[in-house]
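Biologist: Could you take me through this structure step by step, with the terms explained as we go?

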Amino acid sequence: MTSDLTKLRIEKSGPAAPGARGRRRTRRVILALAAILALAAAYVFFPSSHTVEAGKAAMTYPSRALTLLSASGYVVADRKASLATKATARLVWIGVEEGSTVKRGDIVARLENDDVTAALDQTAAQLENAGHRIAEARAELTDAELHHGRMSRLVNNGYVAKSEHDSSKARKDKAKAALDQAEAELAARTAAVAEARANLEYTLVRTPFDAVILTKNADVGDIISPLGASANAKAAVVTIADLSSLQVEVDVSESNLSKVKSGAPCEIILDAFPDERFPGYVHMIVPTADRTKATVMVKIRFAALDPRVMPEMSAKAAFLERPLAPGEKIPRLAVPARALAKRGGRDIVFRIEDGHAKEIPVTPGAPLGDMVEITGGISPGDRLVLSPPAALATGDAITIQEG
C-alpha cells in the first residue's frame, strides 16, 4: 500500500515541457514591447519640460548698431506763450478753441472795455479842441506881429509914442507864448490819445507770432488779471505754440556728455509711434547742469517736421556715431542674439508654440546691437527661447521664467 502512494508524487525538478518554455519566452517579449511602448507614450504625451527665458523677434532698425547713447525727454516748442493782458477786466469774447491756427496780430479774445473806449473818445475830442486852440493862437500871433510891425514904422517916424510900440511888442510876445502853450497842450492831448488807445489795446488779446492754440485757459465771464491776484481771476486766456519750432529736450548724464556733439546725427523715437524713426540732429547743449540730477539738457531738432508730432509727447533720442546711409533707414527682421543656437552644424532658434519648443533653421546676418539680423521661418512678434539648453528639442514643454 505504501509503495503505491509513493508512485503518486509529482517531481518538481524534472525537465519542463517544450510548450511551457515557449509561453515564458513570449511573455518576456510582450513585457519588453510594453515597456518600449510605455516609454514612447511617455515621450509623446509627457515630453521633457524646460524653464527658460523668452524673447521676441522684431523689426529692428540698423541704427541700433550705431547708437552711442540713448536719452529720454519730451517734445517741446521753442516758441511758446501764455497770452495775458495788463488790464484787469471781465472776458466778454473769445474767438478760438484748442487746435485753432492763428496769425501774428490776430485778436483771439476781448475784455470788457466800455470805460476805456469812452476815455479814448474823450481824449480824442480834447485833442481836436487843442487843434482849434492852436489855430486861434496862430491867428492872434499873426495879427500881433502885423500890428507890431506897423507900430515900429510909426514910432521910427515919430508919429506915435514909444509906449504904443511897447504895447504892440508885448501883445506879440503874449500871442507867441499862447501859441507855444497851445502846441504843448496839443502834444499832451496827442499823448493822452495814445495812452487811451494803448489802454484799449490792453483789452484785446493778440497773438505775437503765427501759432496754434494749445489750451484755452479762460471762458467768457471770467475775470482776467495780469497776476491772477484773486482766487477767481485767471492770469492767461490761451496758451499758444509755434509748431514749426518743435524740438526734443532730453537729459543726458554728465558722465555721458562727452558722447554728445553739437550737430551730431540723432534718431528720435516717439512713444506715440514706436515703430517709426524720425531723423534729427543735436541743436544745442545747454551750458548749465542740473546739480540735483547730475544731468545736462540737450536740445534736438527734427530734420523734417511731421504734422503728427505734438508738444509734450514723450520721446527717446538715440545719438548716432555717424549719419545713416539710405539702406540703413529700413527696419530689418532680427532676433535677440541669445536666441541663436547650433544644432548639427546649423544655426537655429526655438520658437514657442502653445507652450512647446519648435526648432526653426535660420540664417544670421549683421549684428544690430544686442539683436542679430536673420532670414528664415521667423515672423515679427514670434516668441523665442533665449539661451536654449543643450537638451532642448522640438516638442519639449516650455515654462517661461518670470522676471
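Modeller: T207 is a good place to begin, and this residue lies in the loop between β8 (204-206) and β9 (211-216), where strands (E, at least two residues) and helices (H or I, at least four) are DSSP runs numbered from the N terminus. Please keep in mind that this is a predicted model, in which local features need pLDDT of at least 70 and side-chain atom pairs count only at pLDDT 80 or more, whereas totals for chains, interfaces and linings use all residues. Residues are numbered from 1 along each chain as its sequence is written, and side-chain values use heavy atoms, with hydrogens and water left out.

Biologist: Is T207 buried or exposed?

Modeller: Buried means under 20% relative accessible area, exposed over 50%, and partly exposed in between, with a 1.4 Å probe and protein chains only. Leaving out residues up to four places away in sequence, T207 touches L83, V102, K103, R104, G105, D106 and V108, where contact means heavy atoms within 4.5 Å. The relative accessible area of T207 is 3%, and therefore T207 is buried.

Biologist: Which residue's backbone oxygen does the side chain of T207 reach?

Modeller: A polar contact is a pair of N or O atoms within 3.5 Å; within protein, one must be able to donate a hydrogen and the other to accept it, and residues adjacent in sequence count only if both atoms are side-chain atoms. At 2.4 Å, the side chain of T207 reaches the backbone oxygen of K103.

Biologist: Why does T85 count as buried?

Modeller: T85 sits in the loop between β4 (80-83) and β5 (89-94), and its side chain reaches the backbone nitrogen of A87 at 3.2 Å. T85 counts as buried because its relative accessibility is 8%.

Biologist: Which strands are the edge strands of the open sheet?

Modeller: Two strands pair if DSSP finds at least two bridges between them. The open sheet has five strands in the order β8-β7-β5-β10-β11, with mixed pairing. Each edge strand pairs on one side only, and these strands are β8 and β11.

Biologist: How are α3 and α4 placed relative to each other?

Modeller: The axes, which are lines fitted to C-alpha atoms over the stretch in contact, with angles running from 0 to 180 degrees between N-to-C directions, come within 7 Å for α3 (residues 114-156) and α4 (residues 162-201) and cross at roughly 165 degrees. Angles under 35 degrees count as roughly parallel, over 145 as roughly antiparallel, 65 to 115 as roughly perpendicular and the rest as oblique. The two helices α3 and α4 are therefore roughly antiparallel.
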